[in-house]
Amino acid sequence: MARIRRWLRQRPRFGDKGQALVEFALVAPILILLVVGIFEFARAWQAFQVLTDAAREGARNAVIDHALTATDVENIVRQALDRAALNSANIDSLGVNNLTGGGAWTRATAARGDQTEVFLSYNYAWIWLRPLLGWFGSDGTVTLKTNIIMRQE
């Protein structure tokens with residue numbers, strides 16, 4: 001009996017040296033996906049802020065400068081997007097409306113106090129999440145929309 005006890009004490013025991021590596025291998029893909037998702041959503045939020053600022057710049061110029069046409073305002077918005085490194089070719093819809101007059105915006109129909117709206121719809125493409133979204137049948141883009149309403153001065 002003493003021999004068996006001595007053999008049990010001397011026998012090599014299995015350690016937990018590889019346990020941390022296995023746990024990390026299981027958790028690492030989830031952690032990486034979480035970090036990439038946070039980064040992608042931050043980029044999308046930044047792009048939405050750029051779109052809002054570009055629409056605001058176009059609306060502000062529309063209500064101040066009496067010589068601008070709707071095409072001039074749209075060009076101002078496109079230039080603002082290009083300056084912020086967003087491709088203006090990805091614009092889905094862009095327009096200027098006179099909300100008070102009930103129709104398309106022209107400087108002749110806009111009177112003091114009328115509300116002018118600049119609306120913008122942009123197709124934003126995910127960079128790193130696009131392959132993952134492709135597995136679920138998505139094309140990897142999302143449409144960001146914004147509109148700004150200002151009163152004529």
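## A pair one turn apart: D53 and R56

D53 and R56 sit three residues apart in helix 2, so about one helical turn separates them. In this predicted model, their side chains meet in a salt bridge, with N and O 2.9 Å apart. Side chains of opposite charge can pair when their charged atoms come close.

How exposed are the two partners? D53 is partly exposed, at 42% relative accessibility, and R56 is partly exposed as well, with a relative accessible area of 36%.

## E40 and R43, also in helix 2

Helix 2 spans residues 19-64, and it holds E40 and R43, again three residues apart and separated by about one helical turn. These two form a salt bridge whose closest N and O atoms are 3.3 Å apart.

Is E40 buried or exposed? At 0% relative accessibility, E40 counts as buried, because the cut-off for that label is under 20%. Its partner R43 has 26% relative accessibility and counts as partly exposed.

## A link between helices: R83 and E57

Here is a pair that reaches from one helix to another. R83 and E57 form a salt bridge, and their closest N and O atoms lie 3.1 Å apart. R83 belongs to helix 3 (residues 70-83) while E57 belongs to helix 2, so this contact ties together parts that are 26 residues apart in sequence.

R83 is exposed, with a relative accessible area of 57%, because exposed residues are those over 50%. E57, at 30% relative accessibility, is partly exposed.

How many salt bridges does a search of the whole structure find? The search turns up three, and with R83 and E57 we have now met them: E40 with R43, D53 with R56, and R83 with E57.

## The largest pocket

Now to the pocket. The largest one has a volume of about 180 Å³. R43 is one of its lining residues, and this arginine is also the salt-bridge partner of E40. Alongside R43, the lining includes Q46 and A47, then A84, A85, L86, N87 and N90, and finally Y122, N123, Y124 and A125.

Which element gives the largest share of the lining? Strand 3 does, with four residues; this strand covers 115-125. Helix 2 and strand 3 each supply at least two lining residues. In character, the lining divides into seven nonpolar residues, four polar and one charged.

How values were computed. Residues numbered from 1 in each chain as written. Predicted model: local features only at pLDDT ≥ 70, side-chain atom pairs only at ≥ 80, totals over all residues. Heavy atoms only, no water. Salt bridge = Lys/Arg side-chain N within 4 Å of Asp/Glu carboxyl O. Buried < 20%, exposed > 50% of the residue type's maximum accessible area, 1.4 Å probe, protein only. 1 Å grid on protein atoms, 1.4 Å probe; cavity = no way out; pocket = protein on both sides within 12 Å on 5 of 7 lines; lining within 4 Å. Points joined across faces, edges and corners; volume = space filled by probe spheres on them. Nonpolar A, V, L, I, M, F, W, Y, C, P; charged D, E, K, R; others polar.
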